[in-house]
Amino acid sequence: MMSNDELQAFIQEHCADPVFETGKQYLNAIVAPEHLMRVAEALRHDPRTSFDYMFCLSGVDFSTHFMVVYHLESTTLNHCVVLKCKVSDRVNPDVPSVSSIWRTAEFHEREVYDLFGVRFVDHPDLRRILLDDDWVGHPMRKDYVDEANIVQLG
Amino acid sequence: MKQTLYNWDEMMQSETTETVEAIEPSQSVETPEPLEPIEHSDPILKTQDYFINMGPQHPSTHGVLRLVLTLDGEIIKNVEPHIGYIHRSIEKMCESDSYRQIVHLTDRMDYLSCHINNEAVCLAVENALELEIPDRVVVIRTIIDELTRLASHQLWWGVMGMDLGAITSFLYGFRDREMITDIFEETCGARLTMNYNVPGGLMFDIHPNFQRKVKEFVQYFKKKLPEYDDLLSGNVIFLERTKGIGVLTKEDVISYGVSGPTARASGFACDVRKRHPYNAYDRVQFKEIVMTEGDTYARYRVRILEMWESLSIIEQLIDNIPEGEYCAKTKAVIKLPVGEFYQRVETARGDLGVYIVSDGKKSPYRMKFRSPGFSNLSALNHCAKGCKIADLVAIMSTFDLVLPDIDR
């Protein structure tokens with residue numbers, strides 16, 4: 001089991017300039033899309049970390065940028081880390097797909113693509129999953145306007 | 001000929017000699033002309049896979065799930081799940097609702113684990129606010145969690161038998177589940193979507209009859225649970241259809257993010273109640289049921305054994321409900337501090353995660369539900385490849401899919 005400081009040092013070995021936030025529960029590491037694959041592969045395959053179980057993958061729209069959030073856990077070493085990928089380009093939001101490392105990402109990335117429009121490069125089957133194929137727009141984006149919804153909540 | 005009945009060598013010999021003799025007289029058989037070689041492009045003789053839609057209205061998909069099967073004869077080559085038929089965009093609705101309102105949306109996800117779903121949001125909010133929860137609440141929540149798990153497993157067991165052609169199990173399962181829903185009805189007025197949890201505690205105190213009725217149920221169900229084994233677990237037809245079918249290895253299970261009983265049948269000890277204890281799970285004794293076979297029968301067995309553990313947890317707690325308040329004091333409008341919060345709970349189907357990104361307002365900036373069924377479903381294709389169509393029904397039963405939980 002690695003402490004948050006050790007995990008922080010480990011991620012710094014594999015990435016040029018990560019940003020760290022120590023959350024209430026987990027260590028959050030924010031990396032750029034171009035470093036994501038290197039960090040993810042190191043976290044998965046290095047015996048010191050061996051994060052083999054991804055228990056959540058979510059997208060968050062921060063209006064100025066997207067964040068793809070990977071919650072990782074090691075089933076053998078019992079430690080957790082939150083890896084985040086910051087996507088600044090809202091017109092062409094491209095993120096490398098991690099579905100070759102964690103197979104569960106295949107479905108979760110399709111969901112993030114469906115609801116946020118983040119494109120996962122090298123995903124084996126990137127299609128909409130929850131909405132219809134002919135749906136226009138990505139509803140979980142903050143700038144999405146739903147014209148059919150006559151009751152505006154909030 | 002010898003006396004033994006099964007001397008096949010001799011029987012075969014004698015038969016061959018006879019037939020040879022019979023054929024010998026015929027002679028001058030013309031050698032037939034060689035057939036034209038069959039061209040592969042011949043449209044009549046070309047073989048191809050065919051596709052079948054299973055669902056969305058199919059009784060054994062347990063909801064509106066559509067599976068597009070690629071078949072070679074009866075053998076499944078590929079399963080492609082199409083989901084989203086009952087997508088209600090609960091996550092989007094959460095962004096404009098207050099935390100108290102969100103709780104009521106969550107039992108529309110996994111309606112068989114509704115109390116545990118409610119609790120996931122409540123725990124996330126309480127942990128974010130660092131609220132002190134009365135001990136009475138913690139214990140009552142744990143008891144009702146386990147009752148919910150039992151009710152869900154009973155329904156699953158009944159439906160599993162039904163999927164494999166046994167009607168009796170369906171009636172047995174529902175008969176016993178009825179007692180639990182009666183207890184729920186008396187406790188909070190609802191039988192299915194309970195809404196018993198609120199951030200800070202419970203909506204009202206337990207009914208005076210609660211402890212007596214739960215004890216009666218435990219005594220009753222302890223006698224009935226062996227009947228479940230008598231009816232299905234030793235049945236030859238049932239064993240033939242489940243043993244060795246749809247094997248998932250431990251590596252597959254971890255990589256696909258499978259959780260709950262489905263994962264524990266493959267040797268992945270993933271019980272959130274043990275790994276990240278919440279409620280009163282760190283002060284009760286129970287075994288985490290883990291099996292290594294990973295087939296349909298192991299998934300079946302894990303749930304049956306889990307019911308015994310749930311009964312044991314209820315027995316340990318039912319006489320030890322501490323006195324006190326049933327709800328902590330909270331503000332009328334709950335606002336979470338700025339930050340990110342993640343809460344994991346173990347539903348009857350697996351690891352449910354609630355991820356809240358808060359910007360300090362009365363409703364969350366982003367709310368994500370990591371539903372166990374969604375990840376479990378992603379392993380279905382891998383699991384069912386090479387099986388027959390009838391096996392797929394058995395595999396899906398033991399995956400215990402609840403579609404509203406997957407679609408959200």
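**Entry 1. Terms**

I take a salt bridge to be a side-chain nitrogen of Lys or Arg within 4 Å of a carboxyl oxygen of Asp or Glu. With that rule I looked for linked groups, and B:E146, B:R149, B:R264, B:D271, B:R273, B:E306 and B:E346 came out as a network of salt bridges. I note that the model is a predicted one. Over all chains I find 43 salt bridges in the structure.

**Entry 2. One pair of the network**

I looked up B:R264 and B:E306, which form a salt bridge with their closest N and O atoms 2.4 Å apart. This pair links distant parts of the chain: B:R264 lies in helix α10 (residues 261-264) of chain B and B:E306 in helix α12 of chain B, 42 residues apart. I then checked accessibility, with the cut-off for buried set at under 20% relative accessible area. B:R264 has 1%, so I list B:R264 as buried. B:E306 has 3%, so I list B:E306 as buried too.

**Entry 3. A second pair within chain B**

I found a salt bridge between the side chains of B:D319 and B:K215, at 2.9 Å from N to O. The two residues are 104 residues apart and join distant parts of the chain: B:D319 sits in the loop between α12 (296-318) and β6 (339-346) of chain B, and B:K215 in helix α7 (residues 210-233) of chain B. I list B:K215 as partly exposed because its relative accessibility is 37%.

**Entry 4. The interface of chain B and chain A**

I turned to the two chains and counted contacts: 40 residues of chain B touch 41 residues of chain A. The two chains bury about 3500 Å² between them, and 52% of that is on carbon and sulfur atoms. Which residues of chain B lose the most area to chain A? I get B:Y342, B:Y365 and B:F374, together 18% of what that side buries.

I next searched the interface for polar pairs and got 20 residue pairs in polar contact, both residues at pLDDT 80 or more. On the side of chain B that touches chain A, I sort the residues by class into 15 nonpolar, eleven polar and 14 charged. The salt-bridge rule finds seven salt bridges across this interface.

**Entry 5. A:E111 and its partners**

Which residues of chain B form a salt bridge with A:E111? One is B:R408, with the closest N and O atoms 2.9 Å apart. Another is B:K368, where the closest N and O atoms are 3.3 Å apart. The pair with B:K368 crosses between chains, from strand β8 (residues 366-370) of chain B to A:E111 in helix α3 (residues 105-116) of chain A. Are B:K368 and A:E111 buried or exposed? I find B:K368 buried, and A:E111 is buried as well.

**Entry 6. Strands β1, β2 and β3 of chain B**

I followed strand β2 (residues 66-72) of chain B, where five of the seven residues are buried, so I describe this strand as largely enclosed by the rest of the structure. Strand β1 (residues 50-54) of chain B runs antiparallel to β2(B), and five bridges join them. In this pairing B:N53 has B:V68 in β2(B) as its bridge partner.

I count seven bridges between β2(B) and strand β3 (residues 75-82) of chain B, again antiparallel. Here B:R66 has B:H82 in β3(B) as its bridge partner. I looked at the connection last: β2(B) and β3(B) form a hairpin with two residues between them, and B:G73 in the turn has a positive phi of about 70 degrees.

Methods:
Residues numbered from 1 in each chain as written. Chains lettered and ligands numbered in written order. Heavy atoms only, no water. Contact = heavy atoms within 4.5 Å. Buried area = accessible area lost by both parts, 1.4 Å probe. Polar contact = N/O pair within 3.5 Å; in protein donor to acceptor, adjacent residues only side chain to side chain. Nonpolar A, V, L, I, M, F, W, Y, C, P; charged D, E, K, R; others polar. Helix = DSSP H or I, 4+ residues; strand = E, 2+ residues; numbered from the N terminus. Buried < 20%, exposed > 50% of the residue type's maximum accessible area, 1.4 Å probe, protein only. Pairing = 2+ DSSP bridges.
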